[in-house]
Amino acid sequence: MSELPGIVVTGASGRMGRMLIETVRASDKARLTGALERPGHDWVGKDLGLCLGAGELGVIVSDDAQATLTGADAVLDFTAPSATVALAKVAATTGTAHIIGTTGFTDDDLAAIADSARGTVIIRAGNMSLGVNLLTVLVKKVAAALDEDYDIEVVEAHHNRKVDAPSGTALMLGEAAAEGRGVKLADVADRGRDGITGARKSGDIGFAVIRGGGIVGEHDVIFAGPGERLTLRHVADDRSLFSKGALRAALWAQGKDAGEYSMLDVLGL
Ligand SMILES: NC(=O)C1=CN([C@@H]2O[C@H](COP(=O)(O)OP(=O)(O)OC[C@H]3O[C@@H](n4cnc5c(N)ncnc54)[C@H](OP(=O)(O)O)[C@@H]3O)[C@@H](O)[C@H]2O)C=CC1
Ligand SMILES: O=C(O)C1=N[C@H](C(=O)O)C[C@H](O)C1
């Protein structure tokens with residue numbers, strides 16, 4: 001029998017990094033072959049299991065992406081934009097599938113990632129859960145069915161450690177609504193209301209952001225029309241939703257041609 005796909009987790013000490021490690025270790029379809037952290041991080045050079053407060057795992061945390069990705073089948077990456085852009089360049093040289101959950105990219109970052117996707121499979125999604133990806137399909141459909149009399153607002157809530165806003169998920173949902181309406185999100189997004197803003201512009205897609213406590217992730221897409229309001233909502237109760245989606249993407253990536261894919265491709269939605 002051939003070996004199970006070897007998976008590397010980067011940002012191993014992070015909230016998602018820990019969850020990804022747990023998910024890969026619990027899977028009978030993949031094996032954990034490496035863990036990365038940034039140079040200078042406390043965990044570098046130590047056994048991952050001991051860092052996590054468990055028994056030895058025989059996986060030493062490294063800061064050498066090139067060496068760790070060589071021979072690995074996929075790397076799961078929920079870190080920070082600059083780290084992800086740099087890792088995509090490495091994954092393109094080693095041919096390792098790069099599963100990107102990181103959010104908060106600039107347009108330049110996204111162009112660099114697209115460039116790296118010429119060398120390997122990249123699957124990127126601001127949200128790796130089945131529910132949110134299904135929700136994007138519904139949002140697109142509803143937005144296509146309703147005209148501009150229905151104001152579209154995306155409201156998101158996350159924990160108080162989150163550093164980017166609006167969330168990657170909120171932007172995915174905004175993109176889906178814009179696609180449904182046949183417009184570009186960049187032309188209609190209203191992302192920062194404060195002070196005397198003037199009345200809402202018809203056709204805009206508004207974003208509102210809540211940060212507090214330990215909220216895992218909540219997203220509402222509101223269609224506010226004349227005399228009625230429709231709300232589509234997703235609530236994440238547990239981060240394993242995202243890590244299970246990422247592992248599913250890594251397994252789906254095996255044997256695929258180089259290029260950039262989304263979770264819609266993985267889930268066949
Ligand atoms: N797509 C999805 O489904 C989901 C996406 N996310 C996204 O994932 C990202 C991480 O979230 P979260 O886990 O909560 O954040 P954390 O801050 O808990 O974790 C980020 C991790 O990345 C590490 N890191 C930063 N730079 C580097 C580097 N150069 N090399 C290796 N590791 C690095 C950090 O290390 P250090 O502590 O040293 O800075 C930290 O361990 C965010 O962008 C978030 O929005 C989160 C959940 C789901
Ligand atoms: O930072 C988080 O926690 C999350 N980030 C993703 C996002 O930006 O949408 C996905 C999820 O909502 C959790």
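Which residue does UniProt list for "binding site" in its unreviewed entry? In the predicted model described here, that residue is R38, as named by the UniProt record. R38 is placed in the loop that runs between strand 2 (31–36) and helix 2 (48–51). Its surroundings contain 14 other C-beta atoms within 10 Å, and R38 is therefore classed as partly exposed. When neighbours within four places in sequence are set aside, the contacts of R38 are D63 and A83.

A83 also belongs to the surroundings of ligand 1. Of the 25 residues around this ligand, those that come nearest are G11, G14, M16, A83 and G101. Helix 1 (residues 15–26) makes the greatest contribution to the shell around ligand 1, supplying three residues. In terms of residue class, the shell around ligand 1 comprises 14 polar, eight nonpolar and three charged residues.

The UniProt record, an unreviewed entry, assigns the annotation "domain: Dihydrodipicolinate reductase N-terminal" to residues 7–128. Helix accounts for 37% of this span and strand for 20%, and the C-alpha atoms at the two ends of residues 7–128 are 17 Å apart. Strand 1 (residues 6–10) is largely enclosed by the rest of the structure, because four of its five residues are buried. Strand 1 is paired with strand 2 in the parallel sense, over five bridges. Within this pairing, G6 is positioned opposite R31 of strand 2.

At the level of overall organisation, the protein is divided into two parts: domain 1 (6–124 + 239–267) and domain 2 (130–236). The centres of domain 1 and domain 2, taken over C-alpha atoms, are separated by 28 Å. Eight residues from domain 1 and eight residues from domain 2 take part in the contact. On the side of domain 1 that touches domain 2, helix 9 (240–253) and helix 10 (263–267) each supply at least two residues. Helix 10 gives the largest share of that side, three residues. Sorted by class, the side of domain 1 that touches domain 2 consists of four nonpolar, three polar and one charged residues.

Domain 2 spans residues 130–236, and a sheet is described next. Five strands are arranged as an open sheet with mixed pairing, in the order 8-9-7-10-11. Strand 8 (189–190) and strand 11 (228–236) occupy the edges; each has a single partner strand, so one side of each has no neighbour in the sheet. Strand 8 runs parallel to strand 9 (residues 205–211), and two bridges join them. D190 is found opposite G206 in strand 9.

A further question concerns the other annotated positions: which residues does UniProt list for "active site"? The unreviewed entry gives H158 and K162. H158 is part of strand 7 (residues 151–158), whereas K162 is located in the loop between strand 7 and helix 7 (168–181). Buried or exposed, how does H158 count? H158 has 25 C-beta neighbours inside 10 Å and therefore counts as buried; the threshold for this class is 20 or more. K162, by contrast, is partly exposed, because 17 other C-beta atoms lie within 10 Å. Apart from neighbours within four places in sequence, H158 is in contact with S167, R211, I215 and G217.

Both H158 and K162 are found in the surroundings of ligand 2. The complete set around this ligand is T103, G126, N127, H158, K162, S167, G168, T169, G217 and A236. S167 and G217, which are contacts of H158, thus appear among the residues that surround ligand 2 as well. By class, eight polar residues, one nonpolar residue and one charged residue form the shell around ligand 2.

G217 may also be placed relative to A145. A145 is a residue of helix 6 (residues 130–145), and it counts as exposed because it has 10 C-beta neighbours inside 10 Å. Along the sequence A145 and G217 are 72 residues apart, and the distance between them in space is 27 Å, C-alpha to C-alpha.

Conventions
Residues are numbered from 1 along each chain as its sequence is written. Chains are lettered from A and ligands numbered from 1 in the order in which they are written. This is a predicted model: local features need pLDDT of at least 70, side-chain atom pairs count only at pLDDT 80 or more; totals for chains, interfaces and linings use all residues. Domain bounds come from an automatic or database domain assignment. Two residues are in contact if their C-beta atoms, placed from the backbone, lie within 7 Å. Ala, Val, Leu, Ile, Met, Phe, Trp, Tyr, Cys and Pro count as nonpolar, Asp, Glu, Lys and Arg as charged, and the others, Gly among them, as polar. A residue is near a molecule or strand if its C-beta atom, placed from the backbone, lies within 6 Å of it. UniProt positions are given in the numbering used here, feature names are shortened, and annotations may be inferred rather than shown by experiment. A residue is buried if 20 or more other C-beta atoms lie within 10 Å of its own, exposed if 12 or fewer, and partly exposed in between; C-beta atoms are placed from the backbone. Two strands pair if DSSP finds at least two bridges between them.
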